[in-house]
Every structure is written in structure tokens, then in C-alpha cells.
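Visitor: I would like to learn how to read a structure feature by feature. Could you take me through one?

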Amino acid sequence: MKRFLTLLFLIGSLTLAAQQKFTLSGTLTEAATGETLIGVNVIIPSLQTGTITNEYGFYSITLPEGEYEVVYSSLGFVSNRVQISLTENRTQNIFLENDTEQLDEVVISADVERANIKAPQMSVNALTAGTIKSIPVVLGEADVVKSILLLPGVTNAGEGSSGFNVRGGAVDQNLILLDEATIFNSSHLFGFFSVFNPDAIKDVKLYKGGIPARYGGRVSSVLDIFQKEGNSKELKINGGIGAVASRLLAEGPIVKDKAAFLVGGRASYAHLFLPLFDVDNSAYFYDLNTKLNYRINDRNSIFLSGYFGRDLFDINDSFTNLYGNAVGNFRWNHIFSDKLFSNLSLIYSDYFYGLELDFVGFEWNSGIRNFNLKYDLKHYLTDKLQINYGANNIYYSFNPGKIEPNNPDSGIIEEQLIKKYANESAIYVDVEHNITNKLSVQYGIRLSHFIRFGQDEINVYQDNNPVEFDPLLLIYREAEPIDVRASSRSEQLESFTNFEPRISASYAFNDDFSLKGSYTRLSQYLHLLSNTSSPTPLDVWTPSGPFIKPQLLDQYAFGVFKNLKDGDFTIESEVYYKDIQNRIDYIDGADLIANNAIEQVILNGEARAYGWEFLLRKNTGKLQGWLAYTLSKSEQRTAPRNETETGINSGEWYNTPYDKPHDISMYANYELNDKWSFNTNFVFQTGRPTNYPIGQFVFQEVVVPYYGLRNVERLPSYHRIDVSAVLKPRKNKNRKWQSEWVFSIYNLYNRRNAASINFRENADTGINEAVRTSIFGIVPAVTYNFKF
């Protein structure tokens, strides 16, 4: 009996030892620069398991006690194989060397940008800075926003338009983050360029669906952009001189291997040449990117990043328009243990719009400002289970507009439109769970809470209804307030609470084929007031409140993901359906500018969008690129509120201004040799919806057109081809000074795509005629890039 008990004890001890596990964790950085690396594979071949580094280069994986070979790999870097004896929790920081002396960013992009077959995350596209710089764009300026327009499900209103539309959503439904700070206007020069300097960018991800619970506040997409941290090894400078703008970026160590800085600036200068043609107008932009980082010790790092940008548009010194973003973020990364990583951020975002009209004699300014405190934690419980959780709180201040005289004789009376204040808070939990080798699930929930605070004045309406319906004329019109009351800033005018569940799942039949599905619930409490197809800087943001409800989204998506020829090609195919409640709509003739009672022209409606996206990528070889196609529909409706009303557009569904049923995009990069590479892209889109007059009448000798139902007509289809060639002189080899020439042609066959079509009476014949307005024809450009 005694021997039997001893045997049982020994077996139990061996079993316990066999089950004992330890954690391997650390940070992956690039050896040449000290820059942390995102998405590096950490593989344990003997167990057929692994993980990847997070947004800050950190990884953690829990394994049984034992001897292992750990492979650290990322395309474009030399794989690092390390023999590890895991008998206790262990920190293993790794530096990866560049695979070649002249690193090819486009090759690296193949590994970063293609979808992970087994991961539950879907409806996500990633782009590297190298790919963004290689895509031909107008005037030769590399552009983040123009690049994502080549992805499936992403469009915009056309050339010279601001922002972008994702899966039939509006521009204001995209959450745009630069180092976690919100960017409210992503465009320079009314949409010709984006605000993101490609030289300062480290990582770009666009979430179109299956959005993780850590994100919230918008119902269409999240564009998450991280800036570089700065070279902690040596001083590096790079820049470019283009046809209309130039840029310069410097990065280097403050304390080698411990602290680094990054400073980058861009400016346009085409306006400097206008006086040569006796033109007194000017239009230019400038921006500045900054970042400081300090590695306190192995468990603590702090970062300070910022962006400041301004656009100026001036006509004969009598009309001046100044607008732009300013953001800042203080971030603290702390590693509590081998299994628990945290990030604390204090963030400031500001968007300013200013207008000066000297010929009238007044100045106008408006904007939105927020302060955001957020705390995110990532808990690596096992190699199969990870939990992300956190909280954030955002305080908003809205300035709808202030007018004041700019000279004492103007006769203008100073007036401040009523400022608005709000607070948005949220907590979330997000779980990444590998249930089996084939089935992976990501599920979570976000609880958001929004408070609209008191303001100086608020209108009171009969039956609490700021919009009336005239049953005789069958039109909606502004209701007259029956009273005006004041409220203190501490008073809550309205509050909203929403549960936002998220779930994504992937079933992998093998390493090369998987099916994925997702459901996403999102809430949006801010609204951009705009009744144009493309937002303008003058458009203002307004919060949800007593008369404007938050938008609520339910999105369903299903996809098939397939690797072909050992990953040389990948196919991503997804279908989606989106339903949005409380999408704001405007009554006919709504005046949105300087309106102190905006609730009088707004009705709460609904929107829906559905479609199919297809993406074929070629990931290896001299020729790389992708072909994308989207078949989609985007509609909205504002039904009558009761039996006596007609609703907007007779209560029928109508095309949103960004509905484009067919969208084809193609991008290709061909590396001929180490000297020459060639790039091209092709775009075809259905023309955007618009309104043409269906008749006219004469009133007091003035011809007045009238229109039918909304958005039943379309502009002509949009298409173009762009090409570029990159010349890297062979004398670059073994030289500190590296340079390249980029020769590009935008709109190669000079297609005059319609930005708008207007109607007028021909002065000679008296017959009405349509007039097409186009922005760009063929545009050649040359850019010189350098680094040392």
C-alpha cells in the first residue's frame, strides 16, 4: 500500500511538472533604427503555435516548460532563430537586421498587407509607407487617403473632394486617428492632398467591419495611423522636392538607444509663382509632425507626439480662409508583468476654421476641441486566450461660429453662436480566443455613455417638435420657439447609453483557406452638418442631444479567404449588410451655415448599405499589386412621423450622395532591376448621384428650375489611369546620400471626369444647355526624393 501511494505521488508530481507553464515575452525592434516593429511573427515550430507583436512591438506567449527554438520573422528582415530553455518566466528582446543593404519597402508590404488566414479579424486593410509612396497620385505627392481609395469598399466624391466613404457610409462616419488623436478634417487644399506626411508614417490600418471593441464613436470605419518613433541609433534625414510641395524629416537619438526624436515638415509653394502671371490669389498648406520617445527602463517608455497643420486660401487680400488640425498625445507604455501590457494616453485634438471677408468687414471662426484620457490593457492569459480591456473619457467643446468686425466702420455686430458641450465615456472588454487549431473567435462588448451638457440658451418648442409639416404645401419648415431657457454647464440636457457587442469568427480548413463572419454594433454621437456631396471646411460638427439622436449601426459580414500557390496570391471576398438608425437628414431648402437653431432643419431618418467586395493580391515576385472590385448599394430614408406627413422624398428610399454601385481599382508595381521600377493604377467608378432639374417656371422675369425626387440622376462614370517610374541611380550603392527620381503622369489619357454638371441658358440661342465642370486632365509631375 505504501509503495502504491508513493507511485501515485510520483505520477502526480510528474503530471504537475508537465503541466507547468512559463511566459516568454519581449519587444521586437529594428536593429538599424531602434524602431519597434508591428506584426512580427513569433513562431515555436515544435508546438506549431505562435503570436505576433502588438502596435508597440510587444509580444507575450505562454508555453509548457521545456527547450524550444523560437523563430522571429518578418518579410524584409533576416529571421532570428533563438534556442531558449524555458524554466521560468523570461524576457527576450530581439533586434532584427534588414534582409538587404538597400531595403525594399514594397517587398515588405506583401507580408504586412495581406490578410491573416486563421485570425478572426476581417474587413481590415493595411498599407505600408512604401506602398503609399509608390502609388501614382496627382502632382506626384504621396498620399494616404488617395491610396486607400484603391481598396475595395472605399470611394470618395471625386477629384478635389475631401475625405473618403467606406461601405456606403458618410465622411463623418469615419474615425480617423493619428497616434490615437482624432483628426476631424483629413484634407489639405479642399481635398487635393491629405494631412498625413508619408515620411512620418509607420503603420496604416483601415477597419471596415469586425471593428474591435477598443474603438468607438463612428459607425462606418476606423483609419488608425501610427507615426514613427524616431531613430534611436543615428541621425537620419530624408525629404523630397516636388512640383507643388516639398518635405523634410529628421530623426535621431537624444540619448543613444534610450531616447529619440522625430521632426517632419511639409509645405506647398505653387502660390509663390502666381505673381509672375499677375494673379493676386494664393492657396497653400503647411504641416508639422513631431515625436519624442524615452525608454525609462525595460518596463516603462513614454512618448510625446504632435501634429499641426494649416491651409490658407486668399483672393485679392479681400477673402481669406484659414483652417486646420492640431493634435497632441502623451503616452506611457508600462509592462506590469510578462503577461500584462498597458498604455495610458492623454490626448488633445482641435479643428479650427477661420474666414475673413475684408470687403464685407468681418471675421468668422468656428471649430471643435476635445480632451481624451484613455487607458488600455492587454492581458496574455495563455497562448490561446488574450483579453484586451480599458476605458476612455472624451470632453468636447463645440464652437458653431463667432462673427466679429475686423474694422470699426464695417457696421457688423459681434455675435457668438451658442457653444455646445458634451462628454463621451466608454469601457470595453475584447477577447481573442483560439478555441481549436481551426476555430478562432474575437468577441467583446463596449459600453458607451454620452452626456449633452447645458448651454447659454436652448429653444423650447410646442410638443417638443422643432420641425413642422405644412399639410397644405406638403413641405417641412422650421417651427417657431415658444420659449427660450438658459441652462448651466453642469446641467444634463440629455444622456444616452448604448451597449455595443462585437464578434468575429474564423474557421480555417487548412493553412490556406478559411471562412470568416462578423457582427458589429457601433454608436456615433457626433454629426457633421453638411448637405454637399463632399464636406467643406465650413461644415461644423454638432453633438447628439434633445432633438438629435445618436446614430446606431448593426453590420453583418461574411467572407472567404484563400492563399494560392503557397501564398504567392491571396483572395479575399466579403459580403456585408449595414443598417443605421437615426441618420440625420435635412428638410428641403435647409440653411446650415451660421444656424443657431440647427434642430429646426434636421429630421432623424435611417440608412442602409450592402455589397460584395473582392480583392486579388499578388504578393511575391517582380510584379506585385492587387485588383479590387466592389458591387454595392447605399440608400437612406426619412419616413413620415405620422399619417399626415409625407416624409423626405415622399418617404421613399433614395440614393445617398456617395452611392457608387460599381467600383474597380487596380494597382501594380514592377521592379525591373535595382535601378528602375514602374507603378500604375486604374480606377473606374459609377458616377455619383445628383439632381438635374425636371422643369422650370418664370417668376417676376426670373427663370427658376424645379427638381423631382432626390438623387435619381447620376454624373457620368469616373475613370482614369495613372503611371509612374522610379529611378534609383546605381551610384547610390555604398553612398551615404541616397536619392531617387519619381516621374509620374496622372490621368494618362486625359479623361475629363465631371466634378459637376450645371445647367444654363445659352446666350446666343436661348436654349438650355448642360455644362460639365472638370478639375484635372492629364497632369505630369517630377519628384526628387533623398535620404542620408
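Guide: Gladly. Let us begin with a term we will need: contact means heavy atoms within 4.5 Å. Keep in mind that this is a predicted model.

Visitor: Then which residues is Gly324 in contact with, leaving aside its neighbours within four places in sequence?

Guide: Gly324 is in contact with Gly309, Arg310, Asp350, Tyr351 and Phe352. Gly324 itself is found in strand β23. There is also a C-alpha to C-alpha pairing to look at: Gly324 and Asp311 lie 6.1 Å apart in space, with their positions 13 residues apart in sequence.

Visitor: Is Gly324 buried or exposed?

Guide: The cut-off for buried is under 20% relative accessible area. Gly324 has 5% relative accessibility, so Gly324 counts as buried.

Visitor: Where would I find an exposed residue to set beside it?

Guide: Try Ile254, which is found in strand β19. Exposed means over 50%, and Ile254 has a relative accessible area of 54%, so Ile254 is exposed. Ile254 also belongs to a nonpolar surface patch of about 730 Å², made together with Val255, Leu292, Leu304, Phe330, Trp332, Leu346 and Leu373. Two strands, β19 (245–255) and β23 (319–337), each supply at least two residues of that patch.

Visitor: And what about nonpolar residues in the interior?

Guide: The general idea is that in soluble globular proteins, nonpolar side chains tend to be buried together. In this model, the largest nonpolar core has 43 residues, and those with the most contacts inside it are Val154, Phe164, Phe196, Leu223, Ile225 and Trp626. The elements that give two or more residues to this core are α4 (144–148), β12 (174–178), β16 (201–207), β17 (221–227) and β41 (623–637). Apart from this core lies another, of 21 residues, among them Tyr323, Ile403, Ala422 and Tyr525.

Visitor: What is Val154 in contact with, beyond its neighbours within four places in sequence?

Guide: The contacts of Val154 include Ile148, Leu149, Phe164, Val166 and Leu206, and also Asn165, Lys208 and Asp663.

Visitor: Could we finish with a polar side chain? Which backbone oxygen lies 3.2 Å from a polar atom of the side chain of Ser506?

Guide: That oxygen belongs to Lys118. Ser506 is found in strand β34 (residues 492–510), and with 1% relative accessibility Ser506 counts as buried. Not counting residues up to four places away in sequence, Ser506 touches Ile117, Lys118, Ala119 and Pro120, then Lys438, Leu439 and Ser440, and finally Ser514, Leu515 and Lys516.

Note on methods: Residues numbered from 1 in each chain as written. Predicted model: local features only at pLDDT ≥ 70, side-chain atom pairs only at ≥ 80, totals over all residues. Heavy atoms only, no water. Core = buried A, V, L, I, M, F, W, Y, C linked by side-chain atoms within 4.5 Å. Buried < 20%, exposed > 50% of the residue type's maximum accessible area, 1.4 Å probe, protein only. Helix = DSSP H or I, 4+ residues; strand = E, 2+ residues; numbered from the N terminus. Polar contact = N/O pair within 3.5 Å; in protein donor to acceptor, adjacent residues only side chain to side chain. Patch = residues over 30% accessible without salt bridge, like charges linked within 9 Å, V, L, I, M, F, W, Y side chains within 5 Å. Areas by Shrake-Rupley, 256 points an atom, 1.4 Å probe, with all protein chains shown as cover. Salt bridge = Lys/Arg side-chain N within 4 Å of Asp/Glu carboxyl O.
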